Amino acid sequence: MRMAKGEKQIDSRENQMVIFQLTEQTYGINIDAVYEIIRMEAITRVPRTPHFVEGVINLRGKIIPVIDLCKRFNLPLAERTSSSRIIIVDVGGNTIGMIVDGVSEVLRVPLESIEPPPPMIHGIDAAYLRGIAILDSRLVILLNLEKILYEHEQNELQRFEIETA
Amino acid sequence: MFSDEEISVFLDELEEKIQVLNENILVLEREGGSQEALQEIFRAAHTIKGSSAVMGYEKMASLTHEIENLFDHMRKGLLPVSGPLVDTLFMAFDTLQTLRDEIIGKDVSVDIEQVVARLRQFQEAGSVYSPDETPEVGRKPSKPPAANAAGTLEEVDEDVIREAEAKGFQAYWVAIELDPGCQMKSVRAFLVFETLQQMGEVIKSEPPAEDIQEGKFDTGFRVVLLTCEDPDRIRNLLMTVSEVAKVEVSHIKLAAGPDFQEQSAPGAQGEKTGQTVRAEHNEVKTVQTVRVDVQKLDTLMNLVGELVIDRTRLNRFAEIFEGRFGSGSGDMVETMNEISSHLGQVAGDLQEQIMKARMLPVAQVFNRFPRMVRDLAQKLNKEVNFIVEGHETELDRNVIEIIGDPLIHLIRNALDHGIEGAEDRVRLGKPRAGVLKLKASYMENHIIITVQDDGRGMDPARLRAKAVEKGLVDSEVAQRMSDPEALNLIFMPGFSTVTEVSDLSGRGVGMDIVRNHIEQINGIVDVTSVPGAGTTFTIKLPLTLAIIRALMVELGNEQFAFPLTNVVETISVRAEEIKKVKHSEVILVRGRVLPLVRLSDIFERESNAEMDRLFVVVLGIGEKKVGVIVDKLLGELEIVIKSLGDYLGKVPCLSGATILGDGQVALIVDVRSLVKEIGVEEAVYAAS
């Protein structure tokens with residue numbers, strides 16, 4: 001299920017979102033960032049990396065880091081099932097895999113239906129969100145991948161400092 | 001105006017040509033006026049001049065123009081090779097190099113005036129110097145019959161024209177006839193040249209440009225012009241200059257020479273071709289080459305890895321297939337296995353070929369040194385006979401990039417501290433000139449590079465004393481050190497036997513940095529020395545960085561790879577042999593204390609190791625040794641190193657990952673950071 005980028009001219013007033021589940025919540029990320037979606041596979045754990053880094057996988061000869069979004073947001077961990085997937089995204093020049101509980105569909109989200117996020121939703125800080133959208137009476141939380149993937153260093157460093165102090 | 005691609009081809013070519021200039025000047029200096037070397041230099045300078053002018057780098061064009069003129073004099077025997085001349089030429093080449101740096105955007109400002117002035121001095125001196133013919137005669141203006149626009153082209157000019165044509169320029173002979181009554185020929189000529197230069201580049205003129213500009217010609221002269229303009233426009237523009245009576249323009253069509261193919265891709269003929277041609281100059285060898293981005297080779301390498309993995313999958317599938325359909329599938333399974341093994345063979349060959357494509361002759365680095373040694377020796381007032389061997393030895397280009405700096409340092413050291421001054425040497429009964437030998441050779445899967453001098457050598461006793469004095473080791477430890485171990489003290493950070501910082505070797509870079517660089521590329525450096533007789537540094541390098549031999553071990557249910565270069569041995573020990581010293585575990589191996597560490601502790605993993613029998617991988621970095629306890633030894637494997645990527649960045653104690661035959665990822669242990677991390681030294685001293 002590979003999606004070619006920019007295949008179709010997308011109406012600028014709406015976003016195409018890949019919709020996925022994580023601990024019974026529905027989330028969306030912009031399809032532009034999504035490179036491919038693969039089934040769960042054996043992940044080689046990499047010691048001494050941030051806690052949410054699950055390890056690395058071999059994606060056709062390339063070593064790709066995989067993170068667990070639940071761990072990233074300190075959400076309760078879900079069991080891996082046959083519907084678990086790894087969404088491979090291309091963000092900030094790096095290819096990164098994200099484990100999610102399941103990928104349901106690709107939706108067109110009109111821009112006017114996106115609302116600013118509340119300060120905190122389901123334990124996720126608003127800084128990591130692009131907004132929320134109500135679609136077919138479902139609440140979809142739209143994630144800001146740049147922030148989620150790259151703005152952890154500080155926290156991690158702080159954590160290490162506390163540990164070593 | 002020019003694409004990045006074109007500029008980079010130009011820069012590569014420039015680099016090559018500057019190298020050619022440097023090399024041949026050294027030949028000239030050594031052997032006097034070798035015609036062949038002069039010819040090479042002349043060609044190189046001419047090419048740089050032509051292409052830099054086309055690219056619009058005027059300073060470079062005018063500098064090379066001066067160099068070319070000077071060599072023209074030398075070629076004609078008007079100017080002898082002399083020390084000061086060689087120095088000036090080197091200075092000019094250095095300026096060329098800085099001009100190149102300027103082009104690639106380094107913040108340097110280059111002034112060519114001074115060096116041009118010096119070059120001119122020699123040129124003038126050359127005009128005075130007259131061995132058997134007076135230069136004025138040779139430069140008599142009467143030569144060109146101005147009636148016909150076409151003159152004679154030399155081979156070098158043809159080369160330049162072909163290159164320019166490849167870039168979309170046309171070459172024309174332009175003959176200009178001035179009014180016979182013209183009073184200010186030089187001024188008119190100057191204006192004509194100005195006009196010509198607006199349209200393109202003049203690569204040749206008859207008579208020579210300087211004569212024309214001084215008015216030393218009858219009424220006409222002609223030039224070769226490289227331009228994009230059409231002949232009519234050239235004619236019309238030139239006719240606007242007053243007192244120009246007649247302009248004739250004729251297109252130069254070059255016959256495709258025997259070496260046309262080679263010349264048509266100037267960027268493509270690498271160092272190697274150049275050498276082949278020089279070695280067998282009678283038959284011009286046409287090796288067709290292309291420049292390929294290393295990235296592309298890396299991608300190819302990845303794809304080969306994919307093939308290998310698929311082959312393993314095919315094998316497994318064949319087994320499953322046989323299991324499911326039983327003996328009835330006999331033929332099919334056999335065929336499948338056949339296909340699989342052939343696939344494996346092809347993938348292996350492919351891998352090897354791509355590896356080879358990544359290799360470059362070590363000459364790439366070595367060629368810089370003769371010049372450096374010459375300059376240094378002169379500065380130090382020492383006499384040195386520099387011998388280079390094995391520059392055809394091939395290395396992975398990544399290794400080549402890194403090995404340069406350490407070698408420079410070792411050579412500098414040898415010249416500065418190793419080899420004695422000529423008088424001292426005579427007093428010691430050695431030949432006046434010291435011998436510095438740089439040699440590269442293959443040994444199994446490695447390359448050995450040695451830097452050997454016959455200088456004063458190093459005294460282990462002095463090194464021990466020095467190390468103790470600097471507080472690097474305590475005196476007891478120092479006394480127990482063997483001589484080879486004591487020699488290795490020089491690689492310790494903070495160790496330098498010369499107290500005053502010299503301008504040459506003491507640039508704040510110590511031998512520890514040298515070793516660091518070499519170990520970075522999985523190399524090993526060793527030193528042997530005989531006091532009074534000289535010092536030899538031996539560097540052992542892997543052929544490539546992309547593939548290493550590794551010892552695979554198991555921890556829990558995961559595999560880890562230890563680069564074999566760092567593995568000293570593997571031993572199996574009984575649990576009761578392990579002793580506790582403070583908080584660290586150690587064992588005695590052949591009477592020596594070996595600190596131990598558990599891989600499971602380093603990587604915070606569960607261990608499935610048996611309780612009573614333990615496997616220990618003994619790792620060595622320099623003189624440090626440490627034993628790592630693992631669950632199981634799985635054997636040696638050739639692995640392709642892959643980066644963990646920028647996202648994870650530098651992970652402590654890991655240097656990358658590799659993909660195993662079954663597609664699984666195994667992590668590669670970074671032995672250096674591991675040894676550093678567990679503070680082996682403390683453990684050793686605590687134990688002793």
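The questions below concern chain B, one of its residues, and the contact between chains A and B in a predicted model.

Q: Why is B:Val669 called buried?
A: A residue counts as buried when 20 or more other C-beta atoms lie within 10 Å of its own; B:Val669 has 26 other C-beta atoms within 10 Å, and therefore it is called buried. Across chain B, which has 688 residues, 34% count as buried.

Q: Where in chain B does B:Val669 lie?
A: B:Val669 lies in strand 22, which covers residues 665-669 of chain B; chain B has 25 helices and 22 strands.

Q: What makes B:Ala561 a contact of B:Val669?
A: Two residues are in contact if their C-beta atoms lie within 7 Å, and B:Ala561 is one of the residues that B:Val669 touches, along with B:Phe560, B:Phe562, B:Cys653, B:Leu654 and B:Leu674, when residues up to four places away in sequence are left out. From C-alpha to C-alpha, B:Val669 and B:Ala561 are 6.0 Å apart in space, although 108 residues apart in sequence. Among chain B contacts between residues at least 6 apart in sequence, 69% join residues at least 24 apart.

Q: How many residues does each chain bring to the contact between chains A and B?
A: Chain A brings 17 residues and chain B brings 24. On the side of chain A that touches chain B, strand 4 gives the most, with four residues, and the residues of that side divide into nine nonpolar, five polar and three charged.

Conventions: Residues numbered from 1 in each chain as written. Chains lettered and ligands numbered in written order. Predicted model: local features only at pLDDT ≥ 70, side-chain atom pairs only at ≥ 80, totals over all residues. Helix = DSSP H or I, 4+ residues; strand = E, 2+ residues; numbered from the N terminus. Buried ≥ 20, exposed ≤ 12 C-beta atoms within 10 Å, placed from the backbone. Nonpolar A, V, L, I, M, F, W, Y, C, P; charged D, E, K, R; others polar.
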